[in-house]
Each structure stands twice: as C-alpha cells, then as structure tokens.
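Trainee: Could you take me through one part of this structure slowly, the place where the ligand sits? I'd like to see what is around it.

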Amino acid sequence: MRLDRMLSDAHAGTRSQVKKLVKDGRVTVNGVTAKHSSMQIDPYEDVIELDGNRLIYEEYVYLMLNKPAGYISATKGNVPTVMDLIPDYKGMFPCGRLDKDTEGLLLMTNDGPLAHHLLSPHHHVEKEYYVEHKLPLTMDDICRIEEGITFQSISYRPAKYEKISDTSCHLIIQEGKYHEIKMVFESLGDKVVYLKRLRMKNLRLDDNLKPGEYRPLTAEEIADLKEGMPQ
Ligand code: URA
C-alpha cells in the first residue's frame, strides 16, 4: 500500500495534506524519514510515525459529511455526486441516501457491514431532520404523522414531531423510505421547502462543518454507531 494512502486512512489528513507532511520530513517509516509519499509500505508490519507518534492503520474509514444541496447521494453519475466532495478518498460510499436538494449529515464510509447494520429496517435507527414546510399543520396532521401514514399505497411508520414554529419542526423517523419526509407532508396537502438531516442514531452533525465540509469520526462516535452489531 502507498504511504500517503495509509496516512490518510489513519486520519493524518487528506491525501494532499499528507503529501505535504511527508515533504516536510514529519513522517518516518521504521525510524527513517520518508522521502516519497508514493513509497510502498506494509500497514501491518512497518512502523509509521508522524512527528514521532505511531499511527495505527485502520481498514475502515468513517467521515461525517455536511452534504450541500445540489449533490446526489451516489457513487457515480453524470451530475455532481457526494464523492466529488471527498476526492481524496476512494472506495467509499454514502451510508443512506439524501435527496439532491437535502442538506446535512451523511456518513461516508467503506465499512459495508456497519452500513448494512445502520440501514437495516429491523434496527429502527433514528434519523432526525430539520424541516421547513409551506403550510401550518393542524392537530389532526400532527396526530397522523405520529400515528403513521399510508400514502400512494406506501406505509410510513410513526414519526416523532417536535414543533419549532408553525412552518418548521424537527421530525425523527426510523426508516428511510424514498422521499419519506416529503411524501408524509405531501400526504397532508403540505410541501417540504427545506430539509436538513441533523442526526443519525447518536451521531449529530458537527456545527463546525460548513456545507461541503467533512471530518473523520472520532473513536467514540464509531464505537457508538457499531454498538449492537454482531462481533
Ligand atoms: N426524506 C426525504 O423526503 N428526503 C430526504 O432526503 C430524506 C428524508
């Protein structure tokens, strides 16, 4: 494996940042200063250090992306995809799907088993959204949201509704059906005008991330997402 790949997988920085670390002489391989970021290393056998601190190779990478509007949640396409926002990472995919015009928290990873676990309809992983909608909701509308709705022959499970104003709320859902929140509001004769995902399980969108920015998950965040997975 290339040294720069190992460094970025070990969260030392993006591919371009780690190239600079090597150029600046801050990376050693088995005690010798690395000259080229393209050099081949064995991530399990060689001792790689950054500023004297040993880096541990991790097979899986986990990034929290603040998805901006205008990108599709796919790995390929003729239109901009979320992969264009993490050009230094290969082999990653979005864990779940946000519509092109939806913003907010998107977990990007190469950990298939974790993605499968989080997206399984059996695990009821909570997803919290901030929603702005066109019309005020009636008490009856709110009851319908909280009891679950069948619309155009598709049933949407009960959601938790937390009012912010007459035309904005937090909505917490446990499944991820296609256009789920938009369809729920459409079934009430209303329309979603802005949608942003704020949370998945206990993973909250980092306020410091501007749209289009990302950061690696912390060890605690990864452990929390994996909780309940078969070992
Ligand atoms: N529900 C939607 O309608 N769209 C999304 O992007 C996510 C949830």
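Mentor: Let's start with a term: a polar contact is a pair of N or O atoms within 3.5 Å; within protein, one must be able to donate a hydrogen and the other to accept it, and residues adjacent in sequence count only if both atoms are side-chain atoms. Asp99 gives us one, with a polar side-chain atom 2.7 Å from a nitrogen atom of the ligand. At Ile181 a polar backbone atom lies 3.1 Å from a nitrogen atom of the ligand, and at His179 a polar backbone atom is 3.3 Å from an oxygen atom of the ligand. On its own the ligand exposes 240 Å², and the protein buries 96% of that (areas by the Shrake-Rupley method with a 1.4 Å probe).

Keep in mind that this is a predicted model, where local features need pLDDT of at least 70, side-chain atom pairs count only at pLDDT 80 or more, and totals for chains, interfaces and linings use all residues. Residues are numbered from 1 along each chain as its sequence is written, and side-chain values use heavy atoms, with hydrogens and water left out.

Now look at the shell, meaning residues with a heavy atom within 4 Å of the ligand. Among them are Leu98, Thr102, Tyr129 and Leu195. Helix α5 (residues 180-187) supplies the largest share, three residues; helices here are DSSP runs (H or I, at least four residues), numbered from the N terminus.

Finally, where is all this in the chain? Domain 2 (62-120 + 206-226) and domain 3 (126-200) both give residues to the shell, so the ligand lies between them; those bounds come from an automatic or database domain assignment.

Conventions. Helices (H or I, at least four residues) and strands (E, at least two) are DSSP runs, numbered from the N terminus.
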